[in-house]
Amino acid sequence: RAFQEHDIVIVPSITAKDGVKEGLPVVLMEAMACGVPVIASEYSGIPELVSDQAGLLSVPEDAQSIAAAVSKFLGDPDLRRRCIREGRRKVETEFDIKKIAQLKRALLEESLA
């Protein structure tokens with residue numbers, strides 16, 4: 001329900017002082033699955049999920065880059081619709097837990113053979 005109350009989800013990732021980085025924020029997949037366009041940092045594993053087709057990427061730790069992405073979404077309803085459509089498709093086809101489990105099983109069986 002929270003996702004449906006927002007027009008855009010923004011996930012600006014940074015590296016912690018101790019060097020720890022997040023890999024792929026699940027909140028991005030959840031937003032995309034719910035049909036909300038996303039803006040995320042071009043950081044770690046995020047570009048694997050969010051591309052110019054499924055959302056917009058910003059420069060890490062750069063507020064101007066995030067603001068530019070927000071302006072781009074607000075000024076282009078067609079872009080938002082394309083990102084919503086592609087984002088949902090990407091999550092459904094590439095991040096489905098059943099498909100991932102089947103792939104891992106096949107890889108394990110192949111390595112045992």
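# A guided tour from the α1/α4 crossing

Select α1 and α4 to begin: these helices pack at an angle of about 115 degrees, and their axes are 8 Å apart. The model on display is a predicted one. Colour the two helices separately and the crossing can be followed; its hand is left. The side chains to display here are Met29, Met32 and Ala33 on α1, together with Gly87, Arg88 and Val91 on α4, as these residues make the contact.

**The whole chain**

Zoom out to the full protein chain. Five helices and three strands are present, and from the N terminus on they follow the order β-α-β-α-β-α-α-α. Along the principal axes, the C-alpha atoms fill a box of roughly 55 × 35 × 25 Å. The chain has 113 residues, of which 29% are buried. If one counts contacts between residues at least 6 apart in sequence, 50% of them join residues at least 24 apart.

**The largest nonpolar core**

Next, select Val9, Leu28, Met32, Val38, Ile46, Leu49 and Val50. These residues have the most contacts inside the largest nonpolar core, a set of 16 residues. Which elements give two or more residues to this core? They are β1 (9-11), α1 (26-33), β2 (38-41) and α2 (46-49). Of the contributors, α1 gives the most, with four residues. As a general background to this view, nonpolar side chains in soluble globular proteins tend to be buried together.

Centre the view on Val50. Beyond its neighbours within four places in sequence, Val50 is in contact with Leu28, Met32, Val38, Ala40, Gly55, Leu56 and Leu57. Another core, of seven residues, lies apart from the largest one; among its members are Ile8, Ile39, Ala69 and Cys83.

**Ala40 in β2**

Move to Ala40, a residue of strand β2. Its relative accessible area is 0%, so Ala40 is buried. With neighbours within four places in sequence set aside, the contacts of Ala40 are Val11, Leu28, Ile46, Val50, Leu56, Leu57 and Ser58. A distance may be drawn from here to Pro60: the two C-alpha atoms are 8.5 Å apart, and the residues are separated by 20 places in sequence.

**Ser58 and Ser65**

From Ala40, step to Ser58, one of its contacts. Ser58 belongs to strand β3 (residues 56-58). Is Ser58 buried or exposed? With a relative accessible area of 3%, Ser58 is buried. Outside the four places on either side in sequence, Ser58 touches Ile39, Ala40, Ser41, Glu42, Ser65 and Ile66.

Ser65 is the next selection, in helix α3 (residues 63-75). Ser65 has a relative accessibility of 15% and therefore counts as buried, the cut-off being under 20%. Its contacts, again without neighbours within four places in sequence, are Ser58 and Val59.

**Two loop residues with positive phi**

Select Ser44 and Glu61 for a look at the backbone. Ser44 is located in the loop between β2 and α2, and its phi is near 50 degrees, a positive value in a residue other than glycine. Ser44 is partly exposed, at 44% relative accessible area.

Glu61 sits in the loop between β3 and α3. Here phi is near 60 degrees, likewise positive in a residue other than glycine. The relative accessible area of Glu61 is 61%, so this residue is exposed.

**From Glu61 to Arg89**

Keep Glu61 selected and add Arg89. How far apart are Arg89 and Glu61 in sequence and in space? They are separated by 28 residues in sequence and by 28 Å between C-alpha atoms. Arg89 has its place in helix α4 (residues 77-94). At a relative accessible area of 36%, Arg89 is partly exposed.

**Helix α5**

End the tour at α5 (residues 97-112). This helix has 16 residues, and the span from its first C-alpha to its last is 22 Å, close to the 22 Å expected at 1.5 Å a residue. Why can α5 be said to lie largely in the open? Of its 16 residues, the number buried is zero, so the helix lies largely in the open. For a last close-up, display Asp96 at the start of α5: one of its side-chain oxygens comes within 3.0 Å of the backbone nitrogen of Lys98.

Definitions and conventions: Residues are numbered from 1 along each chain as its sequence is written. This is a predicted model: local features need pLDDT of at least 70, side-chain atom pairs count only at pLDDT 80 or more; totals for chains, interfaces and linings use all residues. Side-chain values use heavy atoms; hydrogens and water are left out. A nonpolar core is a set of buried Ala, Val, Leu, Ile, Met, Phe, Trp, Tyr and Cys residues joined through side-chain atoms within 4.5 Å. Buried means under 20% relative accessible area, exposed over 50%, partly exposed in between (1.4 Å probe, protein chains only). Contact means heavy atoms within 4.5 Å. The expected span of a helix is 1.5 Å times one less than its number of residues. A polar contact is a pair of N or O atoms within 3.5 Å; within protein, one must be able to donate a hydrogen and the other to accept it, and residues adjacent in sequence count only if both atoms are side-chain atoms. Axes are lines fitted to C-alpha atoms, for helices over the stretch in contact, and angles run from 0 to 180 degrees between N-to-C directions. A crossing is left-handed if the near helix is turned anticlockwise from the far one by less than a right angle, and right-handed if clockwise.
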